[in-house]
Every structure is written in C-alpha cells, then in structure tokens.
Amino acid sequence: MNIPTVLQIVIGFIGLVAIAIPFSQSRASINYRHIFVAIVFQLVLAFALVKIPFIVQIFAYLSEGVTSLQMATQEGAEFVFGYLSNTSSSPFAASGTGNSMIFAFQILPLIIVISSLSALLWFWNILPLLIRAISKVFEKLFNIGGPIGLGATANIIMGQVEAPLLVKPYLSRMSEKELLILMTAGMSTVSGSIMIALVSMLQPQFPDINLIQHLVSASILSIPAAIMYANIMIPSSETTQFDGNSIPKVYDSSMDAITRGTRDGLDICLNVGAILIAFIALVSLLNSILSILGGFVGIEDLSLQLILGFMFFPIVWLMGVPLGEALTSAELLGLKTALNEFVAYAALADLEPGMLSERSKLITLYALCGFANFSSVGILVSGISAMAPERKNDLIKVSLKALVGATLASCMTGLVIGIF
C-alpha cells in the first residue's frame, strides 16, 4: 500500500467521523473514546472475518450451503414456474440481448426459502444464541443495554422491522439514543433473506470471491459503526436493561416458524418486486426528462445517477476509492440512498469491465450493503411506531439522523474493508 493511499485512508477515517459531528445534539458531550474503540474494533473484526483461515473456512462451508440452498430453491421454483425459473432449460433460443436471468423467478424465490429457514433456525434457538453472543460484545464495548444490543445485532439476520419486534416490550422505555441506534443499525445492514438473493444477482460481477462471506461481514461490521454514529449524534449514558428473559419467544412450533417465515418471505418478495418495477421505471422516466434538459444547457448524458454521483463524490473518495473511479462508485451510492439497495446492486452487477478496480468494487459492495434510503425511513417509523405508538414523534425526530448515520456506517465499513 503506497503513501498516498495510506494518507487517503487516514483522511477518510477523520472525514467520515467529522461529517456526523454537525448532526450531534451536544458536540461537547461526544465521547471520542467510543469513536476510537469502534474504529479499532471494526479493524480487528474485519481482519478476523476476512483473514483468519478458520473463519474464512467457516464462510467457505457456508457458501457451499448457499449453493445447495440455491439448487434446492431452483427445484421448488421449477415445479411452480417451469422453464421460466431455469434459463438453461428454456425451450426458446437466447436472443443474445438483455439479461437472461428472470429476476421474479430466479431471485425472489430465494427470499421466501431463506425467510422460512431463518424462522426455523430462530425457533430451534440457533440464531438467538449466536446473535446474543455477538450482542454481549457490543454491550460491553459501547456501554449499551441488553435490549438495544439484541435489537441492533438481530439486524445481521433479520429485517429492519422484524428485529425491533424482539424488544417490543422495551420500546416505550428506550431513550432517544437507543431508538436512534435501533433505526441506524436497521438501515446499515441487510437481512439474511436479501443477502442470498444478492449473491445470485452479483455472482457474475464477482466470480472469484465468496460473496456470502463479504455480505455477512458487511452487516456485522456495520453494527459497531452504527452504534458509533448514534453515540456521536445523541451522546447519552442512559441504558434500558432486560427485566428477565433476554431472548423472547417468537414462534410456537417448528411448523409455525416455517409457515410464518414463508408468509413473511412472500411479503418481502412482493414488496421488493413492486418497488423495483416502480423505481426503475421512474428513474428511466426522470432520466429521459433530464436528458432533454441537459441538451438545452449543453450537458450531454445528464441523468439522476450523474447528479447523485457528484453529490456523493467526496464521501466515496473518503471511503478509499481512487479519484479516477470515485464518480462511478458515487453514482451507485447515490442510487442506493435515493432509491434502494436492489436498484444500486443491479447497476453494480451490470457494470462494464474496467470501470472499477477489484478493490474499488469490493469497497462499493460493502458501502451499498444496507437499507439506508428514504423509503426505509418511512418503513421504519411506521413499523416501530405500530409497536409503540407513543414513540412515533421521537422516531420521526431521530429519523434524519438515522439515515445519515446508517449511510455513513456503511461507508465506514467500506473504508475498513478496503484496507484488507
């Protein structure tokens, strides 16, 4: 690693922290020790997740499991959708144009299967024990209570609205900072069911790396970053503790877990599919209008991606992406924030060879790994306020901070992974 790159990384750490300070309720009360601990912990955790052979081997086994899961899902999808779910068995000749993958029949079924499997593993107490163990580490390092530690850490596997359900009885008692941590962690990670779908989408763009390892690592690494940014924006030492049992019962039986998990997965599928249709159509329409306007002012190829790219350009450079590649990566980060991560990852999957180096692509992969966008703010506020109606105004109050914090948390994770 050359000296300019090292300087860029150091400036990146300082810059990504400094961006959050103007959003702080009390700059004088910011605990800079927590910031230092969070960054060091992220570095140690990143090294462990991507460099220690034992852990890398675990992810290799997990990747093999994902491959088996994809094949099993393919069988179920083929039974329902026939050749539409398998392009290799299509009775029609390929035209040679367009994307041969049919998203609705080859990607969305994975979300249903993973949602069902995750629910079953939760009922069998496998996931709760794993999440609680990770949560304990965060609680000790950052002086946070058990409920918020569990709620934040559960986002590694569960969705941004499902995770708060685990601490529903405590939502009414949580401080504003704890609500901010919950929302920031929810938007700086992606759920397990979405991860597996993303693996299938992105595999052609990343043929030589273990994608599941990196997507899981991205979600794990973003949790301490999310807590750090929440501590910057609302410095507070208030904590809410568990009254008794720390791992609530969610499902009544294995069959209940499978059926409810399947139903939840179907809801996610319909939501993802509908949002993609609407958002991609709206982006295309807006780009058509912008291209006409650009012609009048002499700017060729004016588009939403280009505008967002210039807005996010400095942040992407702080993430460690070289100057010559920063605009391409910034356009993707802008798409994710304005629209959603699926649209951004679809654009990353279709990226032309040579536009980003392998290192820059990996940094971008990590930075895009999260639900931090404007629609997610609405989803989180409405979802959590349905569980605790009396906290709706508090949730709205911290929602902008949560969006900024979650975006920066994913960017910090991209910066950290670029070092390795």
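**Salt bridges, core and surface of a predicted model**

Good morning. With the usual cut-off of 4 Å between a side-chain nitrogen of Lys or Arg and a carboxyl oxygen of Asp or Glu, the count comes to five salt bridges. Please bear in mind throughout that this is a predicted model.

I shall describe three of these pairs. Side chains of opposite charge can pair when their charged atoms come close. In the pair formed by Glu-139 and Arg-132, the closest N and O atoms are 2.6 Å apart. Are these two residues buried or exposed? Both Glu-139 and Arg-132 are buried.

The next pair joins Lys-397 to Glu-176, with an N to O distance of 3.2 Å. Lys-397 belongs to helix α18, residues 392–419, and Glu-176 to helix α9, residues 176–187, so this salt bridge ties together parts that are 221 residues apart in sequence.

The third pair is Glu-358 with Lys-361, at 3.3 Å between the closest N and O atoms. Here both partners sit in helix α16, three residues apart, which is about one turn of the helix. Glu-358 counts as exposed because its relative accessibility is 56%, over the 50% limit. Lys-361, in contrast, has a relative accessible area of 6% and is therefore buried.

Let us stay with helix α16, which spans residues 358–367 and also holds Thr-364. Thr-364 is buried, its relative accessible area being 1%. Where does its side chain reach? The side chain of Thr-364 comes to 2.7 Å from the backbone oxygen of Ser-360. Beyond its neighbours within four places in sequence, Thr-364 is in contact with Ser-329, Leu-332 and Leu-356.

I turn now to the nonpolar core. The largest one has 133 residues, and the members that touch the most others are Tyr-345 and Leu-365. Helix α11, residues 211–233, supplies the largest share of this core, with 16 residues. Which residues does Leu-365 contact, apart from its neighbours within four places in sequence? They are Leu-202, Phe-206, Leu-211, His-214, Leu-215, Tyr-345 and Leu-348.

Finally, the surface. A nonpolar patch of about 910 Å² is made by Leu-282, Leu-285, Leu-286, Ile-289, Ile-292, Leu-293, Phe-296, Val-297 and Ile-299. One of these, Ile-299, is placed in the loop between α12, residues 254–297, and α13, residues 304–318. Why is Ile-299 called partly exposed? Its relative accessibility is 38%, and partly exposed applies between 20% and 50%, so Ile-299 falls into that class.

Thank you for your attention.

Note on methods:
Residues numbered from 1 in each chain as written. Predicted model: local features only at pLDDT ≥ 70, side-chain atom pairs only at ≥ 80, totals over all residues. Heavy atoms only, no water. Patch = residues over 30% accessible without salt bridge, like charges linked within 9 Å, V, L, I, M, F, W, Y side chains within 5 Å. Areas by Shrake-Rupley, 256 points an atom, 1.4 Å probe, with all protein chains shown as cover. Helix = DSSP H or I, 4+ residues; strand = E, 2+ residues; numbered from the N terminus. Buried < 20%, exposed > 50% of the residue type's maximum accessible area, 1.4 Å probe, protein only. Core = buried A, V, L, I, M, F, W, Y, C linked by side-chain atoms within 4.5 Å. Contact = heavy atoms within 4.5 Å. Polar contact = N/O pair within 3.5 Å; in protein donor to acceptor, adjacent residues only side chain to side chain.
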